[in-house]
Amino acid sequence: MRLLVINPNISDDVTALIESEALRSAAAGTELLVRTAGHGMEYIETRFESLLAAGAVAEIIAEYTRPGAEPVDAVVVAAFGDPGMPALKELTAVPVVGITEAALCAAALQGHRFSIIAISDRIKPWYRDCVERFGLAGRLASIRSINESLNSIGSVQQDFKETLLALSRQAVTEDGADVVILAGAPLAGLARELAGQIPVPVVDGISAGIRMAEAVAGLQSGPHHAGAFAPPPDKDRKGLSENLDAALSARQHAVQPAPTA
């Protein structure tokens, strides 16, 4: 199996964290192509920054799904908040999995109420929107976050490990969380370090994204030719990159299964 794993922000330090946790999480025989956004932000905190990141992610997906590219079996959008999702599911016939939807699914399977631990106060409204979009607002116990300035996005784990641990414990004891989600690629791998120190299951978004993408790709359920995630209608367009135009055209003109009588 071949997975394309995309860091939607421009931080190479975060990409390294993503790749390390993805390699630890992937099944034997899974090949990982880990890529970093070609333009955008150091890290993503707001809806507008997510909008910019979505375009960068679409370009990478298009590069690897255009005609003639070596096929991938699934795509993982490796930023909490899932920039560009669910719209990116319309661009390609292979499964596109965001780490938010993967983490929420994993949390929902392990408990009734879950809490999200985030890296900043500013990011919380966007995360709450994401939970509501997935229809799980009623199961969200809380979103707790670091309320201090970050020194470096690549060193959040080291700089705030004790804070993140305290926030996780508070989510359990004060908010009633059955599961804790450590949100965001900058926290990739931290769940392993905190194992046994938090009295409920702890979900790592990158790990959940990799394992969920493997599972969905392995189901071989087939692509969307109709419904909410069917390809966008074919119409005049201009200004798109060559890769994006080619990938979109291929998706629009893919052979659909013949209707049954």
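The protein chain of this predicted model contains eight helices and eight strands, where helices (H or I, at least four residues) and strands (E, at least two) are DSSP runs numbered from the N terminus. Local features are reported at pLDDT of at least 70 and side-chain atom pairs only at pLDDT 80 or more, while totals for chains, interfaces and linings use all residues. Residues are numbered from 1 along each chain as its sequence is written, and side-chain values use heavy atoms, with hydrogens and water left out.

The radius of gyration, taken over C-alpha atoms, is 18 Å for the protein chain, which agrees with the value near 18 Å that a compact globule of 261 residues would have; the globule rule is 2.2 Å times the number of residues to the power 0.38. Along the principal axes, the C-alpha atoms of the protein chain fill a box of roughly 55 × 45 × 35 Å. Of the 261 residues, 50% are buried, a term that denotes under 20% relative accessible area, as opposed to exposed (over 50%) and partly exposed (in between), with a 1.4 Å probe and protein chains only. The protein chain exposes about 11900 Å², of which carbon and sulfur atoms supply 51%; accessible areas come from the Shrake-Rupley method with a 1.4 Å probe, and for residues only the protein chains shown count as cover.

Contacts are defined by heavy atoms within 4.5 Å, and among those in the protein chain between residues at least 6 apart in sequence, 70% join residues at least 24 apart. With respect to charge, the mean positions of the 21 positive and 31 negative charges of the protein chain are 5 Å apart. In this count Lys and Arg are positive and Asp and Glu negative, without His and the chain ends, and each charge is placed at NZ of Lys, CZ of Arg, CG of Asp or CD of Glu.

Asn7 is located in strand β1 (residues 2-7) and is buried, with a relative accessible area of 0%. Its side chain makes a polar contact with the side chain of Asn9 at 3.1 Å, and a polar atom of the Asn7 side chain lies 3.2 Å from the backbone oxygen of Ser11. A polar contact here is a pair of N or O atoms within 3.5 Å, of which, within protein, one must be able to donate a hydrogen and the other to accept it, residues adjacent in sequence counting only if both atoms are side-chain atoms. Beyond its neighbours within four places in sequence, Asn7 is in contact with Val14, Thr15, Ile18, Arg35, Thr36, Ala37 and Ala78.

Thr46 occupies the loop between β2 (31-36) and α2 (47-65) and counts as buried at 14% relative accessibility. The side chain of Thr46 reaches the backbone nitrogen of Glu49 at 3.1 Å, and, when residues up to four places away in sequence are not counted, Thr46 touches Arg122 and Trp126.

Two helical residues are likewise buried: Ala107 in helix α3 (residues 99-110), at 0% relative accessibility, and Val156 in helix α5 (residues 156-173), at 0% relative accessibility. With neighbours within four places in sequence set aside, Ala107 is in contact with Phe114, Val179, Ile181 and Val203. On the corresponding basis, Val156 touches Ile119, Ile146, Leu150, Lys161, Leu164 and Leu187. The C-alpha atoms of Val156 and Ala87, 69 residues apart along the chain, are separated by 30 Å.

Most residues other than glycine have a negative phi, and most peptide bonds are trans. In the loop between β3 (74-77) and β4 (96-98), which holds Pro86, a cis peptide bond with omega of about 5 degrees joins Met85 and Pro86. Asp82, in the loop between β3 and β4, has a positive phi of about 50 degrees although it is not a glycine, and it counts as buried at 1% relative accessibility. Gln220, in the loop between α7 and α8, has a positive phi near 50 degrees but counts as exposed at 70% relative accessibility.

The loop between α7 (205-219) and α8 (242-252) is also the place of Ala228, which is exposed with a relative accessible area of 64%. From C-alpha to C-alpha, Ala228 lies 42 Å from Gln197, at a sequence separation of 31 residues, and 25 Å from Ala107, at a sequence separation of 121 residues.
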